[in-house]
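Student: Could you walk me through one part of this protein up close, and then show me a few other spots to compare it with? Please spell out any cut-offs as you go.

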Amino acid sequence: MSFAPHDISAPFNFPKEEEKVIAFWREIDAFQTSLKLSEGRPEYTFFDGPPFATGLPHYGHLLAGTIKDIVTRHASSSGFHVSRRFGWDTHGLPVEHEIDKKFGITCKEDVMAMGIGNYNAECRSIVMRYSGEWRNTVERMGRWIDFDNDYKTLNITFMESVWWAFGELFKKGLVYRGLRVMPYSTGLTTPLSNFEAGLDYRDINDPAVTVSFPLVDDPETSFLAWTTTPWTLPSNLALYPKKAKFKKIGQFQGSDMKGWRYVPLFEYFTDKFEDKAFRVLVDTYVTASDGTGIVHQAPGFGEDDHRIAIAHGVLRPDEMPPCPIDDKGDFTKEVSDFAGENFKAADSKIQKMLKAKGRLIVQSTLKHSYPYCWRSQTPLMYRAFPVWFVKVSPIVDDLVKNNAETRWVPQSVGDGRFGNWLASARDWNISRNRYWGTPIPLWVSEDMEEVIAVGSVEQLETLSGVKGITDLHRESIDHITIPSRQGKGNLKRIDEVFDCWFESGSMPYAQQHYPFENKDIFAKGFPGDFVCEGIDQTRGWFYTLLVLSTHLFGVAPWKNLIVTGLVLAADGKKMSKSLKNYPDPNIIIDTYGADATRMYLVNSPIVRGDNLRFREEGVKDVISRVLLPWLNSFRFFLGHVAILKKATGIDFKYNPHAPVPNNVMDRWVLARCQSLILLVRQEMAAYRLYTIIPRLLDLIDELTNWYIRFNRKRFKGEDGPQDTVSALNTLFETLFTLCLTMSSYTPFFTENIYQTLRHYIPEDPKAGDLRSVHFLRFPEVKQDYFDVDIERQVGRMQAVIELSRNIREKNNLSLKTPLKELLVFHTDEQYLTDIRPLQRYIESELNVRDIIFSSDEALSGVHYRAVADWSILGKKLRKDLGRVKKGLPEVTSDKVKEYIKSGKMDVDGIALVEGDLTVQRYLELPPSDVGQYGTHTDNDVVIRLDIQIHPDLQGEWLARELTNRVQKLRKKAGLQATDDVEVYYSFEEDTGADLRAAIQEHAEFIHKTVGNVPTDEKERKQGTELIREEQEIADVKFMLTLVR
């Protein structure tokens, strides 16, 4: 398709226009075409964190996708070849949890009854459930990424690379099996890693009980121990004393009580442990902030409890402690009184039994922070498990060093939150007692003494003799055995699968099937140039990427990393489907468009690592503040190109080689364009995306409210056709620069505008494929456009205009009301020299007849006063501050002027020096002039504006009001600037004399502004009446009619 000519009078529906752009991109296969056009350029590598397709994309995904698209688009336009592959996380607990819910699976036995093959087939059937929705949303947001050549963690090529990575770790002696107390999810029936356990803490109310433990040798004396987990008491094996504050009736050190024996609360484990347990142990880990001074120890459910029990010989290192809880979190038959009860639900029954035994001393509740499973939303427990670990603690210094060599945005997260996490990193539990995942490739003997790590399909086929292996999931390889080299029979694969974080952390090489394929491609693109995800990944993907990369390659896997905050609901709460506290992302995109959504997200605190309260009004504001003014500037250009053609017959064409214009405003706006180009280059190189949009807003304001507004007469041909062409060339270059510079941020709108602008660009056979703005290179800075003198001149003119506008607003004087005189005072003659060439613009904008430039203080009535920041000066003067406060208003203007020169002043005997005071210029009006003039200053220039309405200027004001009414009526009738119509007026009898006179007196001005001079209705010619409306100016009502 080709874009239809832009209709400047038609409403512009941003979402609908974006859909046209998508259709155009599909037609020209824009993304793949851009990749082909950039072949041979240096490679820019981007690693995309894989999402699960079992859920729909949310605002967090839209945000991360937008940032990734902006950075990679900019890299492509800056001279790089940027391959972008979408990836899918297809294994692990999120998928299994869906199947468990579907079939009511609660334990391992349920899976075994179903069969691992059938269970995994069900998992495989849903992993891409919402992939179509993902693809549609990603495309609709304008993100260019390859879905057809995506990677999936379930592919044998990906899984084999994961096996290779694990095999390399095993060869280095970095893998071991240990009995550890680990965070355990009863909802997912598997242990989790320590970093996963920290992802979802909640404030909950738990029982807080104190129970008694009578001494075996003195039953009248009891230890009192406090706990918030009564469900662990049936597994108690020891007590540990700590320091605490109580009324002292006797004193014992903890070491004095070591070995004292006590009567167990329950008899469930006395037969097995009576000889070595149920006694006081001593350690240093406990604090005295809560409880009684004595801690109960259940080695099966506490990491420190387990460590202490081993240290004191209560348990052997390889011995399983009492752990009478099954996979679902229910008590087993070992604890007969509570068998079948969920561990949390059993708290009340355990307390009831202890009360009946007379062992429950205090029963209360405590609100505290407790970990929950971040996937199943169920309370975690800490539970002893034999699990497989990758060593991390030996490389902590390397992790810290490698991370320090990368750029984080914001850096504070990388140095602080992430850096602190690395400094205390612990060994990583990589095994999961689950089914749908990459199986851990360890084949072991029955006694666990012979262990073989398999690093490839070929190695497994060689060792086992089984050929033609095409899948690595459990159902395909669990039956495969490897003959023992030590005479131990056949080695069997262990049951566990990898933690899915191990898989996603392997994606830089696994997506390439490295090292089995693409060695050169991987070597050229590693470490990657860029990654981006949310702040929650500091303990997730960022961490596992860094651990594996440091172990395998000795470097960090990324060079630059952007971490985002979280997108919250407008009320600051977490977005919740059940609460419906946020608008549907698809509705937002369909209502306001993707560009507005992208700009709103990127121009927010979220790209600096802070959280964002999502407000629909914020997206809407982007349209009114950015996109509509930008669109109106573009339409202004098209309208005046048409006027030029109609008035002179000249077909405008952009001249990219035009000499630097002579007009100050032309040179100024072109210089501002170069500043934007330079800023975007610098800030994108530093990955500070959040600084770009404010500068874009500035340039759009400068373009619409300064450049276009101040040059309307030039565009209409007042200074001749050549000057009009020069002004249009400047306006075109500004619009074209905006398109090229902002194409990464607003890919749809810039494409839409470009498709019209490109028709004004002369054909160049050497230019290459110009069909899309996204095929063009990012603009180079034109140094010859920079001019500090002109930027200073215009800045000073803007200051004078802003101060004068402020006086008008204060006195309720419309800009259409002509005023007689403006005085501009400055002591520096250079300041006045700067703005004199711009006098025409000042007069036109402020609608003032005469401007007086003066550096004569006496003639202008300028005075000086000194003011102070009392909070700062008070620290210096202390007790003398009051004297200065009282005396400073009495200091004369001459004395303040002397202070400017000398830097010294005496106020009531207190010596003040340069820096103590701030000097202000002001204009003091004599009493007779107070009602005639308004004054203002910015502490640099001082202005005085005559605010009287003079009768001799009234006619001009009426003429301006009339042209305003005609222009509004033309717009209401849907007319374009090139449309010719006749304008007629009619007054009631004996009214309108002043307006008629103003039309006659200012006919030339009116004709230049609206194209013709209104005439009396009585002289109306034949034609089609387009619109007729009543108007009112200066309390006079009349009719205006447009006729074609």
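Tutor: Start at Pro 410, in the loop between β12 (407-409) and α15. Those labels are DSSP runs numbered from the N terminus: helices are H or I with at least four residues, strands are E with at least two. Before going on, this is a predicted model, where local features need pLDDT of at least 70 and side-chain atom pairs count only at pLDDT 80 or more, while totals for chains, interfaces and linings use all residues. Residues are numbered from 1 along each chain as its sequence is written, and side-chain values use heavy atoms, with hydrogens and water left out.

Now, back to that loop. The peptide bond from Val 409 to Pro 410 is cis, with omega near 0 degrees. Next look at α15 (residues 411-423), which packs with α14 (residues 396-404) at an angle of about 165 degrees, their axes 9 Å apart. Axes here are lines fitted to C-alpha atoms, for helices over the stretch in contact, and the angle between N-to-C directions can run from 0 to 180 degrees. So α14 and α15 are roughly antiparallel to each other (under 35 degrees counts as roughly parallel, over 145 as roughly antiparallel, 65 to 115 as roughly perpendicular, and the rest as oblique). Their crossing is right-handed, meaning the near helix is turned clockwise from the far one by less than a right angle; anticlockwise would be left-handed.

Who's touching whom? From α14 come Val 396, Leu 399, Val 400 and Asn 403, and from α15 come Gly 414, Phe 418, Leu 422 and Ala 423 (contact means heavy atoms within 4.5 Å). Sorted by class, that contact has six nonpolar, two polar and no charged residues. Nonpolar covers Ala, Val, Leu, Ile, Met, Phe, Trp, Tyr, Cys and Pro; charged is Asp, Glu, Lys and Arg; the others, Gly among them, are polar.

For another pair, try α26 (residues 692-710) and α28 (residues 721-742), whose axes come within 12 Å and cross at roughly 165 degrees. That makes α26 roughly antiparallel to α28. This time the crossing is left-handed. Leu 696 and Leu 703 are among the α26 residues that meet α28, whose side includes Leu 731 and Leu 738. That contact has 12 nonpolar, two polar and no charged residues.

And for another cis bond, go to Tyr 514 and Pro 515, where omega is near 5 degrees. Pro 515 is in the loop between α19 (507-510) and α20 (519-524).
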